[in-house]
Amino acid sequence: MYDYMRALEERFNSKPSYEQRQQLIAMRQKVSALLDKQGKKGLLRLVDAHTLAKEEMALTSFIAGFRLAWGIVTELSTDSSYFCEQEQAARFREGVDPDG
């Protein structure tokens with residue numbers, strides 16, 4: 001399931017443009033020129049960790065959105081007569097504020 005979600009996320013997630021990638025490379029080279037060998041290694045480790053965390057957060061967010069959408073579809077398909085007005089009327093009868 002995880003692999004399937006990753007494939008879906010890759011299919012629908014946009015990638016950086018060529019220009020954006022070139023800008024990132026240019027910035028990396030400028031910063032790299034200011035650092036010694038040890039600093040470059042540290043910077044690369046930091047960038048790698050950040051990229052991994054960002055990719056994992058994007059996938060987790062995509063999965064959460066997919067599950068939410070799937071839950072909504074499932075809920076609506078079990079009760080084809082769902083209407084917002086009916087839900088608000090039911091809440092009103094129960095004494096619940098329909099706006100929150």
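How much area does the chain expose, and what share of it do carbon and sulfur atoms supply? In this predicted model, the chain exposes about 8800 Å², and 60% of that area comes from carbon and sulfur atoms. Buried residues account for 5% of the 100 residues in the chain. The secondary structure is easily told: the chain has four helices and zero strands, and reading along the sequence gives the pattern α-α-α-α.

Helix H1, spanning residues 2–12, offers a good place to start. Its buried residues are Met5, Leu8 and Glu9. These residues lie on the same side of H1, because the arc they cover around the axis is only 100°. Asp3, Tyr4 and Arg11, on the other side of H1, are exposed. As for the cover over the buried residues of H1, helix H3 (37–78) is included in it.

Attention now turns to the surface. Val31, Leu34 and Leu35 together make a nonpolar surface patch of about 280 Å². Valine 31 sits in helix H2, while leucine 35 is found in the loop between helix H2 (18–34) and H3. With a relative accessibility of 39%, valine 31 counts as partly exposed. Leucine 35 has a relative accessibility of 31% and therefore also counts as partly exposed, since that class runs between 20% and 50%. Valine 31 can also be placed relative to leucine 43: the two are 12 residues apart along the chain, and their C-alpha atoms are separated by 9.1 Å.

The aromatic side chains complete the picture. Two quantities describe a pair of aromatic rings, namely the distance of the centres and the angle of the planes. Searching the whole structure yields one aromatic pair. Its rings belong to phenylalanine 66 and tryptophan 70; their centres are 6.4 Å apart and their planes stand at 10°, so the pair is stacked. The cut-off behind this assignment is an angle under 30 degrees between the planes. Both residues lie in helix H3, and because they are four residues apart there, about one helical turn separates phenylalanine 66 from tryptophan 70. Are these two partners buried, partly exposed or exposed? Phenylalanine 66, at 29% relative accessibility, counts as partly exposed, whereas tryptophan 70, at 56%, counts as exposed. The value for tryptophan 70 falls in the exposed class because that class begins over 50%.

Conventions
Residues are numbered from 1 along each chain as its sequence is written. This is a predicted model: local features need pLDDT of at least 70, side-chain atom pairs count only at pLDDT 80 or more; totals for chains, interfaces and linings use all residues. Side-chain values use heavy atoms; hydrogens and water are left out. Buried means under 20% relative accessible area, exposed over 50%, partly exposed in between (1.4 Å probe, protein chains only). Helices (H or I, at least four residues) and strands (E, at least two) are DSSP runs, numbered from the N terminus. The arc is that of the directions from the helix axis to the C-beta atoms. Contact means heavy atoms within 4.5 Å. Patches are made of residues with over 30% relative accessible area and no salt bridge: like charges are joined within 9 Å, nonpolar side chains (Val, Leu, Ile, Met, Phe, Trp, Tyr) within 5 Å. Accessible areas come from the Shrake-Rupley method with a 1.4 Å probe; for residues, only the protein chains shown count as cover. A salt bridge is a side-chain nitrogen of Lys or Arg within 4 Å of a carboxyl oxygen of Asp or Glu. Rings of Phe, Tyr and Trp (its six-membered ring) pair if their centres lie within 6.5 Å; planes under 30 degrees apart count as stacked, over 60 as edge-to-face and the rest as tilted.
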